[in-house]
Amino acid sequence: MEKPAKDMFDPKNFLAKVGAGKTILEFHKNQHVFEQGDVADTVFYIQKGKVKLTVASDQGKEAVVAILEPGQFFGEGCMNGHALRIATTTAMEDCLITAITKAAMIVAIHDEPKFSELFMAYLLTRNSRIEEDLIDQLFNSSERRLARLLLLLANFGKEGSPQPITPNISQEILAEMIGTTRSRVSAFMNKFRKLGLISYNGHIEVHNSLLNAVLHEKPQLKEE
């Protein structure tokens, strides 16, 4: 007996196609997907490219709070009652992004268990990352925070070998993400390179030795 068609539902295939309440959008490097203060009524899913989330204070100070990759959602705050965007999202390279209206998201979550599982898994993973980032900010030195960020950007811990960090991320952005100055990031990066923990070949490449240094509390990752 054949399985019902609903059992064949593929959430990623669903997200890759235009449909009711869904559009596929292309964004070029440095183009905003939405800006802080915009009306929040749509959830976005990254098919290709990377997107950075930036928050600005009332005094005009800006900070990059996250870099998102293919397979991740953003703008999901509208599902929790946020009427306005609390961050600005910007394409870091050419991106292909699915836009899903809040109404279409509610229908998909209600009607399609596999889509609901995918979205819930993303939310749980994102929440865990935020908690880990907070702990990192509270208890670790800025040098160790930079090491952890580089490992995350290189996809250490995921299946396969670590990837070069692309697109190139400036030292200013790295500094904003770990809460320190660009000059300190520059000093740490030079130190990591001299110790053989990272290298530059057009892009930042992270070596396994950096992971070992973080896991085993090597002295070079302890702030003076």
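These legends go with four close-up views of a predicted model.

**View 1. An open sheet of four strands.** The strands line up in the order β1-β8-β3-β6, and the pairing is antiparallel. At the edges sit β1 (22-27) and β6 (73-74), each of which pairs on one side only. Inside the sheet, take a look at β3 (residues 42-48) and β8 (residues 95-101): six bridges hold this antiparallel pair in register as partners. For a landmark, find I46, which stands opposite I97 in β8.

**View 2. A helix laid over two strands.** Here helix α2, residues 102-111, lies across β3 and β8. How is helix α2 angled to β8? Helix α2 runs at about 80° to that strand. The two strands underneath are the ones from View 1, paired in the antiparallel sense.

**View 3. A salt-bridge network between helices α3 and α4.** The structure holds six salt bridges, and this view picks out some of them. Start with R129 and D133, whose side chains meet at 3.0 Å, N to O. Both belong to helix α3, and because they are four residues apart there, about one helical turn separates them. R129 counts as partly exposed at 26% relative accessibility, and D133 is partly exposed too, with a relative accessible area of 24%.

D133 also has a salt bridge to R148, with the closest N and O atoms 2.8 Å apart. That pair links distant parts of the chain, as D133 is in helix α3 and R148 in helix α4 (residues 142-153), 15 residues apart. Why does R148 count as buried? Its relative accessible area is 18%, and buried means under 20%.

R148 meets D136 as well, in a salt bridge of 3.5 Å, N to O. D136 lies in helix α3 and R148 in helix α4, so this pair ties together parts that are twelve residues apart in sequence. Both D136 and R148 are buried. Put the shared partners together and you get one network of R129, E132, D133, D136 and R148.

**View 4. A nonpolar patch on the surface.** Which residues form the nonpolar patch? They are L134, I135, L138 and F139, with about 480 Å² of accessible area together. F139 lies in helix α3, which covers residues 113-139. F139 counts as exposed because its relative accessibility is 66%, and exposed means over 50%. Helix α3 is also where D133 of View 3 sits.

Terms used:
Residues are numbered from 1 along each chain as its sequence is written. This is a predicted model: local features need pLDDT of at least 70, side-chain atom pairs count only at pLDDT 80 or more; totals for chains, interfaces and linings use all residues. Side-chain values use heavy atoms; hydrogens and water are left out. Patches are made of residues with over 30% relative accessible area and no salt bridge: like charges are joined within 9 Å, nonpolar side chains (Val, Leu, Ile, Met, Phe, Trp, Tyr) within 5 Å. Accessible areas come from the Shrake-Rupley method with a 1.4 Å probe; for residues, only the protein chains shown count as cover. A salt bridge is a side-chain nitrogen of Lys or Arg within 4 Å of a carboxyl oxygen of Asp or Glu. Buried means under 20% relative accessible area, exposed over 50%, partly exposed in between (1.4 Å probe, protein chains only). Two strands pair if DSSP finds at least two bridges between them. Contact means heavy atoms within 4.5 Å. Axes are lines fitted to C-alpha atoms, for helices over the stretch in contact, and angles run from 0 to 180 degrees between N-to-C directions.
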